[in-house]
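Got your viewer open? Let's take a walk through this structure, one selection at a time.

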Amino acid sequence: MKHFRALAVICSLGGAVPASAEVVAKSEHGFVTKETASIAATPRQVWLALIKPGTWWNDDHSWSGDASNMTLVPSAGGCFCETIPGEGDIPLDGSAQHAVVVQAVPDKALRLRGGLGPLQAVPATGVLTVTLKPIEGGTLVEWEYNVGGPMGFEIDTISKAVDSVMTQQLHGLRDHLGALAMPEAADSAEPD
């Protein structure tokens, strides 16, 4: 339920998407979002955090309202799932499957298939590919979500909203581990 409220808020913002985010492809059948982040951690440290989404995922983009209820089994067929705690005198927990792991290569790549957020309620699906590359001082994380199929949303609106949410998640991972400070470009001009 929170996903739909969050989508409504994001859609109402129109073009208010972080400048670093990018919808790299769009058609009447789908879209692709892409984002990168430089993280001050080794690929192994990033991998170990990546497979524990409950520690960095945004609570507002969970069904339970608490990202600590999210888990990920990092092997083919593994579930990126969430427990939805029950309520009342005799609580019965619910659950949600966000995506299924289709590829897991520790320290290098994680690929998931599923309709995240409001896309779960429509026939569209997406493939989220997270690639880890060692760079000086840390890891470059490439985060691409390729969505296609019938979705019942205006492509321009849903692509910007999904891109914004995907960027929030990557930034959550980056902020959890620490952003890699990139050196500023040296001024090539000599002082007079």
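Start with strand β1 and strand β2, and pick out V23 and T33: in β2, T33 is the bridge partner of V23. Keep in mind as you click around that this is a predicted model. Now show the whole of both strands. β2 covers residues 30-39, runs antiparallel to β1, and is joined to β1 by five bridges.

**The sheet**

Next, colour the strands. You'll find eight of them in an open sheet, and going across you pass β1-β2-β8-β7-β6-β5-β4-β3, with antiparallel pairing. Where does the sheet end? Look for the edge strands, β1 (22-27) and β3 (70-72), each of which pairs on one side only. Turn the view a little to see the twist, which averages 20° from one strand to the next.

**Two helices on the sheet**

Select residues 43-50. That's helix α2, which packs on the sheet and touches β2, β5 (94-105), β6 (109-113), β7 (125-135) and β8 (138-148). Compare directions with β7: the angle is about 155°.

Then select residues 155-177 for helix α3, which also packs on the sheet. Its contacts are with β1, β2, β7 and β8, and its direction makes about 20° with that of β2.

**Into the core**

Time to look inside. In soluble globular proteins, nonpolar side chains tend to be buried together. Here the largest nonpolar core has 37 residues. Which of them touch the most other members? Show W143 and L173, and you have them. The elements giving two or more residues to this core are β2, α2, β3, β5, β6, β7, β8 and α3. Of these, α3 gives the most, with seven residues.

Stay on W143 and display what surrounds its side chain. Leaving out residues up to four places away in sequence, W143 touches T33, K34, E35, L50, W56, L128, T129, V130, M166, Q169, L170 and L173. You've already met T33, the partner of V23 in β2.

**Salt bridges**

How many salt bridges does a search of the whole structure find? Four. Let's visit three stops.

First stop: select D156 and K26, whose closest N and O atoms are 2.8 Å apart. D156 sits in helix α3 and K26 in strand β1, so this pair ties together parts 130 residues apart in sequence. Both ends are partly exposed: D156 has a relative accessible area of 45%, and K26 has 44%.

Now jump to R44 and D107, another salt bridge, with the closest N and O atoms 2.7 Å apart. This one links distant parts of the chain too, with R44 in helix α2 and D107 in the loop between β5 and β6, 63 residues apart. Is each end buried or partly exposed? R44 is partly exposed at 46% relative accessible area, while D107 counts as buried because its relative accessibility is 18%, under the 20% cut-off.

For another, zoom in on R174 and D175, where the closest N and O atoms are 2.9 Å apart.

**A buried glutamate**

Last selection: E82, in strand β4 (residues 79-84). Its relative accessible area is 1%, so E82 is buried. What does its side chain reach? Follow it to the backbone nitrogen of W63, at 3.0 Å. Now show everything in contact with E82, apart from neighbours within four places in sequence: S62, W63, S64, G65, D66, N69, M70, G94, S95, A96 and H98.

Technical notes: Residues numbered from 1 in each chain as written. Predicted model: local features only at pLDDT ≥ 70, side-chain atom pairs only at ≥ 80, totals over all residues. Heavy atoms only, no water. Pairing = 2+ DSSP bridges. Helix = DSSP H or I, 4+ residues; strand = E, 2+ residues; numbered from the N terminus. Axes fitted to C-alpha atoms, helices over the stretch in contact; angles between N-to-C directions. Contact = heavy atoms within 4.5 Å. Core = buried A, V, L, I, M, F, W, Y, C linked by side-chain atoms within 4.5 Å. Buried < 20%, exposed > 50% of the residue type's maximum accessible area, 1.4 Å probe, protein only. Salt bridge = Lys/Arg side-chain N within 4 Å of Asp/Glu carboxyl O. Polar contact = N/O pair within 3.5 Å; in protein donor to acceptor, adjacent residues only side chain to side chain.
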